[in-house]
Amino acid sequence: ADPLLHFNLGVALEDLGLLDEAIEAYEQCMALAPDMADAHHNAARLHELRGNRQQAIRHFNEYRRLRR
């Protein structure tokens, strides 16, 4: 139940090329800590790579809001 563990898992999965699994890990991180800006940023990048524009925009916007 530690958001940072899910975030780090997402980074590791992304490094292994397991993008769908990485997105799931970032989503778990954000479910536990919705204010973790870096998780939103990483999820946005991966959604963009996957062609999920709406999800990418949603996470990029949340990332920008949290970084203010």
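A search of the whole structure turns up one aromatic pair, where rings of Phe, Tyr and Trp (its six-membered ring) pair if their centres lie within 6.5 Å, with planes under 30 degrees apart counted as stacked, over 60 as edge-to-face and the rest as tilted. The partners are Phe-7 and Tyr-26: their ring centres sit 5.6 Å apart and their planes meet at 50°, so the pair is tilted. Phe-7 belongs to helix α1 and Tyr-26 to helix α2, so the pair ties together parts that are 19 residues apart in sequence. Helices here are DSSP runs (H or I, at least four residues), numbered from the N terminus. Both rings are tucked away: Phe-7 is buried at a relative accessible area of 13%, and Tyr-26 is buried at 0%. Buried means under 20% relative accessible area, exposed over 50%, and partly exposed in between (1.4 Å probe, protein chains only).

A word on the ground rules. The model is predicted, so local features need pLDDT of at least 70 and side-chain atom pairs count only at pLDDT 80 or more, while totals for chains, interfaces and linings use all residues. Residues are numbered from 1 along each chain as its sequence is written, and side-chain values use heavy atoms, with hydrogens and water left out.

The two aromatic residues also turn up in the largest nonpolar core, which has 12 residues in all: Phe-7, Leu-13, Leu-19, Ala-22, Ile-23, Ala-25, Tyr-26, Cys-29, Met-30, Ala-39, Ala-43 and Leu-46. Such a core is a set of buried Ala, Val, Leu, Ile, Met, Phe, Trp, Tyr and Cys residues joined through side-chain atoms within 4.5 Å. Helices α1 (3-15), α2 (19-32) and α3 (37-50) each put in at least two residues of this core, and the largest share, seven residues, comes from α2. In soluble globular proteins, nonpolar side chains tend to be buried together. For a closer look at one core member, take Ala-22: leaving aside neighbours within four places in sequence, Ala-22 is in contact with Gly-10, Leu-13, Glu-14 and Leu-46, contact being heavy atoms within 4.5 Å.

On the charged side, the structure holds three salt bridges, each a side-chain nitrogen of Lys or Arg within 4 Å of a carboxyl oxygen of Asp or Glu. One of them joins the side chains of Arg-45 and Glu-14, at 2.9 Å from N to O. Arg-45 is in helix α3 and Glu-14 in helix α1, so this pair ties together parts that are 31 residues apart in sequence. Glu-14 is buried, with a relative accessible area of 18%, whereas Arg-45 counts as partly exposed at 28%. Another pairs Arg-50 with Asp-20, the closest N and O atoms being 3.0 Å apart. Here Arg-50 comes from helix α3 and Asp-20 from helix α2, so the link ties together parts that are 30 residues apart in sequence. Arg-50 is partly exposed at 41% relative accessibility, and Asp-20 is partly exposed, with a relative accessible area of 41%.

The remaining bridge is a local affair. Glu-62 meets Arg-65, with the closest N and O atoms 2.5 Å apart; both lie in helix α4 (residues 53-67), three residues apart, about one turn of the helix. Arg-65 is partly exposed at 47%.

As for α4 itself, the geometry checks out. At 1.5 Å a residue, its 15 residues should span 21 Å, and the end C-alpha atoms are 21 Å apart, which agrees; the expected span is 1.5 Å times one less than the number of residues. Ala-56, His-59 and Phe-60 are buried in α4. Seen down the helix axis, the buried residues of α4 fall within an arc of 105°, so they line one face of the helix, the arc being that of the directions from the helix axis to the C-beta atoms. What covers these buried residues includes α2 and α3.

Two residues of α3 show the α4 contacts in detail. Ala-44, found in helix α3, is buried at 0% relative accessible area. Not counting residues up to four places away in sequence, Ala-44 touches Ala-56, His-59 and Phe-60. His-40, also found in helix α3, is buried at 7%. With the same sequence neighbours set aside, His-40 touches Met-30, Pro-34, His-59, Glu-62, Tyr-63 and Leu-66.
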